[in-house]
Amino acid sequence: MRIIKLFFICVCAGTLLLLTGCWDRREINDVAFVLASAIDKEGDNIRVSVLIPLPGNMGSSGGGGGSGGQKPFTIKTETGKTIREAVSKLQYRLPRHLFFGHRRVIIIGEQLAREEGVATIFDAVTRTPDSRLTAFIAIAEGKAQDILNSDTRLERFSAESMRELLQSETSIRISVKDVIGKMIAVGEDAFFPYIEKVKTRIKGQEADDLLIEGFALTKDGKMTGTLKGDAANGLRLLNHSFRKYDETFNDEGNYLTVAITQAETSIKPEMKNGELTFRIHTMVKASVNEDRNLERNYDDYKQRKRIEEIVAERVTDNIKQAIKSMQQSNSDAVGFGLHTYRAYPKIWTKKYRKDWERIFPEMKFEVTAKANLFRLGMSSENLGRKDR
Amino acid sequence: MPTKAKKAKSLPEGRLDHHAIDQFQDVPIRSTIEENNKLMEELFKDSSDIVLRKFDIENGPKAMLCYVDGMVTTSAVDDALKALMILEGDAFTIDRITEQTLPVVQASKIQFYKELLTNLLSGDSVLFVDGQDKAVCLGLRGGIRRSVAEPETETVVRGPREGFNEHLRTNTSLVRSKIKSPRLKMKSFVIGTETQTNVILTYMVGIVNPRLLEEVENRLSDIRIDGILESGYIEEFIQDQGYSPFPQVQTTERPDTVAAAILEGRIAIMVDGTPFALIAPFGFWQWLQASEDYYERFMASTLLRWLRLASLFFALLSPALYIAVSTYHPEMIPTNLLLSIAASREAIPFPAVIEALIMELAFEALREAGVRLPRIVGQAVSILGALVVGQAAVQAGIVSAAMVIVVSMTGIASFTLPRYNASIAIRMLRFPLMLLASVFGLLGIMIGVMVIVGHLSKITTFGVPYLAPVTPVEPSDLKDVLVRAPWWKMNKRPKYLGTNNIRRQRPQP
């Protein structure tokens, strides 16, 4: 009796297994993995471009080798009224199913960012479960599709190149979830790395390079300005996760390059006579990278102090420029509003919250800085100098 | 602690053969040589290896010596014969012959045929004297047996290299020489009506849990079968859960393993005719213990144990994980690895499941064939199988390189388990997990693993829960489970064996 019962249970279980089948099964060679997507505005429509690697051309198994003509990736593009419509129209053209689970870079074209804003396209990214919220996001100068189509030589795909660049020290890492956090909060605005494409024009070595020199500022999701050069360095200093960068000074005719390795910035809102001002103080640590002054004597305390003063002055200047740009673009990228809320919650909610857009461009800031030259490198004086 | 006495499976009573030895229970030794001779000749009619040697004791009655050719030490039998044929004195009764004449250490007097036949067929020589109603059994056993050699299935780098052989007395002497204690008991059983196999139960009285001992004895006594040829027969009779894939009794060829187990409070069963001894009880965590662990220093042993645990998971789950992740969850693999796998799978005609099943079945077939290959051919064929076939299959585009890596990793991992019967269980369970993974993905693997763990938690080995001492938790026993505590810390025996005598070391000063 027991055997018969067991037999029937096994038959039922087996039938159930066969009935359900494996509805979700998708072999790896029936899937097109999207490594990066670029979103542009084209008239009234949105143009979506995706970068798909071609495993067949990667030539790992078997002999291969030498046939450099074939690229290991391909770019497909399609338009639509919404992003998802464009993607489904694109799917009609592809023999493999598009899979966004490995998409790690999203590039937004400048025109789309300025006219329509970033906020509307976020729904496409967050609603489907197979998109990564840890994908890096950036705004491109010009058309995003051109950025995707660049012939970067150092990496196999431009997507890899972009991703490495976006997570390196020269840029601030902005992922989709960071942007969402910033866009939702009142008193803070999102900012994005700003990618440009430049060419290497050496004869025989023509190639494209992707350049991140600054950041794009947005207000309510719409791009309102860019920060470049010194202002970008200022934003780096104000940002809560600092990464080192280099600064070059002209010190009495001689150039000096210093690496700013650590920075601690404190942003304090203060109420003076009912007026809100901010006091910003930065402590930076600097180390000398290159000194073209043969006469400088690092044993002399006064000379070292002079370098520190120069650095502190430049740092203050950078921050002031960054704040000025932010106020001009009316984009609170650092989150001064949020700082105010944390310091004076009741006053913020009553007085400033609704009018922050109007008040922020007029805000007054006091910036001070202090620098500490803590490392001179492997040699204490310029070794090109003749011994006395 | 054993809680229920299990009724062992055995043959129904009514089907015993006619010539089983039991029916000679009450047949006495006849008084005259002729009658004994006639009975013996009739019994051993077509057995040419039973020798019935008639002779005259000097100045005395007739006598007959019976023995099995090949199972006695002929020179010793010659000496005994000489002592009788050239008799000094006038001992003509069995009692006086035994006490005075025979230069034999083991001599016993018997009156009934059952004992006589059992002893004769075990290698004793039997002496009948005319006019006496008793016979003498001379323990002059000999015969050629495999010598004590290194055990082939359990080699160590450091440790004794003696292994059991097929001779029970050799085996018991090997164990006895390791534990020179009067508390070491060797209880003898005879199981198997036709084979009359000697089975010896070994334990330390005072350390072993008496209820466990009683349970094992009951199960051994309940076995009714015509022949016990290997300890595996006994294992299947006495284990707790017959239908479980997991072994509940440990097998070993090494006397030091047996001695260590007995000192902990376990029970060992040695069977004549096989070098494999059984040790009960045997839980999950013994799968990861090898005797070498206790001879090397504790740090190395601990790391090796962790390696074995990791290998256990690899051996069980690798192919299933590969199938599940590549088919249902490609987002879990890092992008570059995924592109490499995709590149290697580009031209393969089979889905991942079929590929995995083909490779795994081929591997199992290769392994099985390797057991039976003659040694000379074995080397060449294994190289052929591994390199050429594998490589050729990849190049022909039938299987992908990634699959070959997964299968070889699985194979290597399954060989790191020191207990062979455990690794068989893992090998078997790989296949259902692969099928579950191919249908339900990672969820299927989860379900499979939950079923396996649930099953492991439920089964017992001689009353002791299989996963003890991890569940039910006994913190003082965990020192030998995932780590190997240094010897100065191992001062207590495992509690889950229910021993009365917990302390094994005096506290260090």
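Student: Which label fits B:H455: buried, exposed or partly exposed?
Tutor: Count the neighbours: B:H455 has 15 other C-beta atoms within 10 Å. A residue is buried if 20 or more other C-beta atoms lie within 10 Å of its own, exposed if 12 or fewer, and partly exposed in between, with C-beta atoms placed from the backbone. So B:H455 is partly exposed.

Student: Before we go on, what kind of model is this?
Tutor: On labels, residues are numbered from 1 along each chain as its sequence is written, while chains are lettered from A and ligands numbered from 1 in the order in which they are written. Local features need pLDDT of at least 70, side-chain atom pairs count only at pLDDT 80 or more, and totals for chains, interfaces and linings use all residues, for this is a predicted model.

Student: Which helix holds B:H455?
Tutor: Helices (H or I, at least four residues) and strands (E, at least two) are DSSP runs, numbered from the N terminus. B:H455 falls in the run covering residues 442-458 of chain B, and that is helix α15.

Student: How far apart in space are B:H455 and B:V105?
Tutor: Along the sequence, 350 residues separate B:H455 and B:V105. In space, going C-alpha to C-alpha, the separation is 54 Å.

Student: How do α9(B) and α15(B) run relative to each other?
Tutor: Their axes are 9 Å apart and the angle is about 155°. Axes are lines fitted to C-alpha atoms, for helices over the stretch in contact, and angles run from 0 to 180 degrees between N-to-C directions. Under 35 degrees counts as roughly parallel, over 145 as roughly antiparallel, 65 to 115 as roughly perpendicular and the rest as oblique. That makes α9(B) and α15(B) roughly antiparallel.

Student: How many nonpolar residues are in that contact of α9(B) with α15(B)?
Tutor: B:L317, B:A320, B:L321 and B:A324 of α9(B) meet B:L442, B:G444 and B:I445 of α15(B), where contact needs C-beta atoms, placed from the backbone, to lie within 7 Å. Ala, Val, Leu, Ile, Met, Phe, Trp, Tyr, Cys and Pro count as nonpolar, Asp, Glu, Lys and Arg as charged, and the others, Gly among them, as polar. The contact has no charged residues, one polar residue and, for nonpolar, six.

Student: Over in chain A, how are α8(A) and α9(A) arranged?
Tutor: Helix α8 (residues 230-238) and helix α9 (residues 301-329) of chain A have axes that come within 7 Å. Those axes cross at roughly 100°, and therefore α8(A) and α9(A) are roughly perpendicular.

Student: How many residues of α8(A) are buried?
Tutor: The buried ones include A:A231, A:L235 and A:L238. They pack against β9, β10, β11, β12, β13 and α9 of chain A. The helix is largely enclosed by the rest of the structure, because the buried share of its nine residues is eight.

Student: Which strand gives the most to the side of domain 1 of chain A that touches domain 2?
Tutor: By an automatic or database domain assignment, chain A has domain 1 (26-58 + 68-228) and domain 2 (230-388). The contact joins 18 residues of domain 1 to 23 residues of domain 2. On the domain 1 side, β9 (207-219) and β10 (222-228) each supply at least two residues. With six residues, the top contributor is β9(A).

Student: What distance separates the centres of domain 1 and domain 3 in chain B?
Tutor: In chain B, domain 1 is 1-19 + 146-282, domain 2 is 31-138 and domain 3 is 301-464. The contact takes 19 residues from domain 1 and 15 residues from domain 3. Taken over C-alpha atoms, their centres are separated by 33 Å.

Student: How many residues of chain B are in contact with chain A?
Tutor: Chain A brings 22 residues to this contact, and they divide into 10 nonpolar, seven polar and five charged. From chain B, the count is 22.

Student: Which helix gives the largest share of the largest nonpolar core?
Tutor: A nonpolar core is a set of buried Ala, Val, Leu, Ile, Met, Phe, Trp, Tyr and Cys residues joined through C-beta atoms within 7 Å. The largest one has 165 residues, and A:I107, A:I108, A:F192 and B:A268 touch the most other members. The largest share, 10 residues, comes from residues 298-327 of chain B, helix α9.

How values were computed
Two residues are in contact if their C-beta atoms, placed from the backbone, lie within 7 Å.
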